[in-house]
Amino acid sequence: MDEAIRELKRTEFRDLFKAEIQQQDDFVKDCSIDTDLEILIPDDYVESITERLSLYSRLDNCETEKDLEDFHTEMIDRFGPIPAQVEDLSQPCVQEDSVELGFEKMLLKNDTLKCFFVSNPDSPYFQSVTFNGILQFLQKGTNKGKLKQVGRTEY
């Protein structure tokens with residue numbers, strides 16, 4: 001219900017709630033991540049399906065870097081050296097960071113990362129400190145990234 005109200009404020013009643021919308025800094029609620037990496041707990045590392053499902057659930061509940069470190073340590077203690085596929089399971093933190101940066105979608109394929117910003121081109125996100133920081137980083141901080149607009153809404 002809250003999301004429906006929020007969407008109405010941002011679309012149909014944008015003029016009435018302009019100040020409130022500009023004050024909000026939660027521009028993205030979730031980020032989908034699509035990758036060609038094999039990200040899983042292999043059968044030969046943890047044989048029990050029930051145990052693997054429990055580990056996935058526990059990993060999903062990790063909220064901090066400390067939680068992930070503790071999970072990582074426990075995996076080594078219980079199952080031995082961690083395979084590469086399990087190392088890449090830090091997706092929950094990546095997903096959380098992506099939402100904070102304003103990414104709705106990320107594609108990591110063929111060693112190339114593509115990030116898609118807020119899809120609404122009229123979003124106050126594009127005037128935010130976060131977006132401006134990303135622009136500055138791309139302009140000054142790296143020669144490996146570039147910003148490109150595709151169509152009207154993808155960057």
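# Briefing: helices, a hairpin and aromatic rings

Read along the sequence, the pattern of this protein is α-α-β-α-α-α-α-β-β-α. That adds up to 7 helices and 3 strands. The model is predicted. The topics below run from the whole chain to the hairpin, the rings and the cysteines.

**The whole chain**

- The protein has 155 residues, and 26% of them are buried.
- About 10900 Å² of the protein is exposed. Carbon and sulfur atoms supply 49% of that area.
- Take the contacts with a separation of 6 or more: 56% of them join residues 24 or more positions apart.

**The hairpin of S2 and S3**

- Strand S2 covers 103-109 and strand S3 covers 112-117. The two strands pair in the antiparallel sense, over 6 bridges.
- Phe 103 has its bridge partner in S3, namely Phe 117.
- The hairpin has 2 residues between its strands. Asn 110 lies in this loop, and Asp 111 lies there too.
- Asn 110 has a phi near 50°, which is a positive value in a residue other than glycine.
- Asp 111 also has a positive phi, near 60°, and is likewise a residue other than glycine.
- Are these loop residues buried or exposed? Asn 110 is exposed, at 65% relative accessible area. Asp 111 is exposed as well, at 79%. Both count as exposed because their values are over 50%.
- In a regular strand, side chains alternate between the two faces of the sheet.

**Aromatic rings**

- How many aromatic pairs does the structure hold? The count is 7.
- A pair of aromatic rings is described by the distance of the centres and the angle of the planes.
- One of the pairs is Tyr 45 with Phe 79: the ring centres are 5.7 Å apart and the planes meet at 55°, so the pair is tilted. An angle over 60 degrees would be needed for edge-to-face, and one under 30 for stacked.
- This pair links distant parts of the chain, 34 residues apart. Tyr 45 is in the loop between strand S1 (32-35) and helix H3 (49-60). Phe 79 is in helix H4, residues 65-79.
- The two partners differ in cover. Tyr 45 is buried, at 10% relative accessibility. Phe 79 is partly exposed, at 24%.
- Which residues do ring pairs link into a cluster? They are Phe 103, Phe 117, Tyr 125, Phe 126 and Phe 131. Phe 103 and Phe 117 are also the bridge partners in the hairpin.
- A charge meets a ring at Phe 116. The charged end of Lys 105 sits over this ring, 5.4 Å from its centre.

**Cysteines**

- How many disulfides are there? The count comes to 0.
- Cys 115 shows the reasoning. Its sulfur has its closest cysteine sulfur in Cys 31, at 7.5 Å. A disulfide needs two cysteine sulfur atoms within 2.5 Å, so the sulfur of Cys 115 is too far away for a bond.
- Cys 115 is buried, with a relative accessible area of 19%. The cut-off for buried is under 20%.
- Cys 62 is buried too, with a relative accessible area of 9%.

Note on methods. Residues numbered from 1 in each chain as written. Predicted model: local features only at pLDDT ≥ 70, side-chain atom pairs only at ≥ 80, totals over all residues. Heavy atoms only, no water. Buried < 20%, exposed > 50% of the residue type's maximum accessible area, 1.4 Å probe, protein only. Phe/Tyr/Trp six-rings, centres within 6.5 Å; stacked < 30°, edge-to-face > 60°. Helix = DSSP H or I, 4+ residues; strand = E, 2+ residues; numbered from the N terminus. Lys NZ or Arg CZ within 6 Å of the ring centre and 35° of its normal. Contact = heavy atoms within 4.5 Å. Areas by Shrake-Rupley, 256 points an atom, 1.4 Å probe, with all protein chains shown as cover. Pairing = 2+ DSSP bridges.
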